[in-house]
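Let's take a walk through this structure, one region after another. Keep the sequence and the 3D view handy as you read.

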Amino acid sequence: MHPCELRDPREFVGSGAVILLTGMAFEGRPEELEEYIRKVAEGGVTGVGFGVGLAFAEVPPGMLEAARECNISLFTVARRVPFVSVLARLHDELQRQREEGLERFIAQQGALNDAAVAGLDALVDKTSRLLGAHSCLVDKDGRVFAQSSYPGLPPVDWATVIADTRAQNFYAARRVGGWSVLAQRLADH
């Protein structure tokens, strides 16, 4: 999220950005905000927060229509709401999500540690359930030590997947048939 009042900010904001602007550069020319929306959408901007109450009392209708056409989010920010407070809320939310992700990771790591005590079959089965994917543990010769299929997914032809990942020396992030395969070679120990 980036506050920016430039008429064409594409050079300074990245793909996926949300721009906050009051429209001061467009005061008296609301029709130019339609082209502004089209330009920033072309540049990969995904949203615009439009501060009302300074240069414009409300979002110009053409700007709203252009946002719909370009599939770009458009929201109003009341004059009494400083852009810095919007940014602060965003950073708070991102921090909350990071902490929630870390807590989930720690819980999943604990579940995998608990499963490992019960052996490879239990560990691979727990891995499959946590990832929502089919999982398979294979030695360098292609022999299967443990495998687990995730309920609800179509069955996988392990022989084809194993042959392909062996050809990649068990390092792969690729498509094999209709499947996305992630393979990781473990250390020898």
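Let's start with phenylalanine 26, which is buried because its relative accessible area is just 2%. Keep in mind as we go that this is a predicted model.

What does phenylalanine 26 pair with? Its partner is tyrosine 36: the two ring centres lie 5.3 Å apart and the planes meet at 70°, so the pair is edge-to-face. The angle decides that label, because planes over 60 degrees apart count as edge-to-face. The pair ties together distant parts of the chain, with phenylalanine 26 sitting in the loop between E2 and H1 and tyrosine 36 in helix H1, 10 residues apart. Tyrosine 36 is buried too, again with a relative accessible area of 2%.

There are 2 aromatic pairs by this rule. The other joins phenylalanine 50 and phenylalanine 56, whose ring centres are 5.7 Å apart with 50° between the planes, a tilted arrangement. Phenylalanine 50 is buried at a relative accessible area of 0%, and phenylalanine 56 is buried as well, at 10%.

Now for the core. In soluble globular proteins, nonpolar side chains tend to be buried together. Here the largest nonpolar core holds 21 residues, and the ones touching the most other members are Ile19, Tyr36, Ile37 and Phe50. So two of the ring residues we just met, Tyr36 and Phe50, turn up again in that list. Which elements give two or more residues to this core? They are strand E2 (18-21), helix H1 (32-42), strand E3 (47-51) and helix H2 (61-70). H1 provides the largest share, 4 residues.

Zoom in on isoleucine 19 and you can see who surrounds it. Setting aside neighbours within four places in sequence, isoleucine 19 is in contact with His2, Cys4, Pro9, Val13, Tyr36, Val40, Val45, Gly47, Val48 and Gly49. There's also a second, separate core of 6 residues, with Val156, Trp158, Val161 and Ile162 among them.

Next, some empty space. Rolling a probe the size of a water molecule over the atoms shows where such space is left. The largest pocket takes up about 1,200 Å³. Its lining is made of 34 residues, and those closest to the pocket's centre are Cys136, Leu137, Leu182, Ala183 and Gln184. Helix H3 (83-117), H4, strand E5 (135-138), helix H5 (158-167) and strand E8 (179-183) each put at least two residues into that lining. Sorted by class, the lining has 22 nonpolar, 8 polar and 4 charged residues.

Helix H4 (residues 120-131) is also home to serine 128. Is serine 128 buried or exposed? It's buried, because its relative accessible area is 0%. Not counting residues up to four places away in sequence, serine 128 touches Ala133, His134, Ser135, Ser148, Ser149 and Tyr150.

Two more stops, in H3 and H5. Valine 84 is in helix H3, and with a relative accessible area of 61% it is exposed. Between the C-alpha atoms of valine 84 and glutamine 168, which are 84 residues apart along the chain, there are 49 Å. Alanine 163 belongs to helix H5 and counts as partly exposed, at 48% relative accessibility. Its C-alpha atom is 19 Å from that of alanine 133, 30 residues away along the chain.

Terms used: Residues are numbered from 1 along each chain as its sequence is written. This is a predicted model: local features need pLDDT of at least 70, side-chain atom pairs count only at pLDDT 80 or more; totals for chains, interfaces and linings use all residues. Side-chain values use heavy atoms; hydrogens and water are left out. A nonpolar core is a set of buried Ala, Val, Leu, Ile, Met, Phe, Trp, Tyr and Cys residues joined through side-chain atoms within 4.5 Å. Buried means under 20% relative accessible area, exposed over 50%, partly exposed in between (1.4 Å probe, protein chains only). Contact means heavy atoms within 4.5 Å. Rings of Phe, Tyr and Trp (its six-membered ring) pair if their centres lie within 6.5 Å; planes under 30 degrees apart count as stacked, over 60 as edge-to-face and the rest as tilted. On a 1 Å grid over the protein atoms alone, a cavity is a set of points where a 1.4 Å probe fits but cannot get out, and a pocket is an open set with protein on both sides within 12 Å along at least five of seven lines; lining residues have an atom within 4 Å of a point. Grid points are joined across faces, edges and corners, and a volume is the space filled by probe spheres set on the points. Ala, Val, Leu, Ile, Met, Phe, Trp, Tyr, Cys and Pro count as nonpolar, Asp, Glu, Lys and Arg as charged, and the others, Gly among them, as polar.
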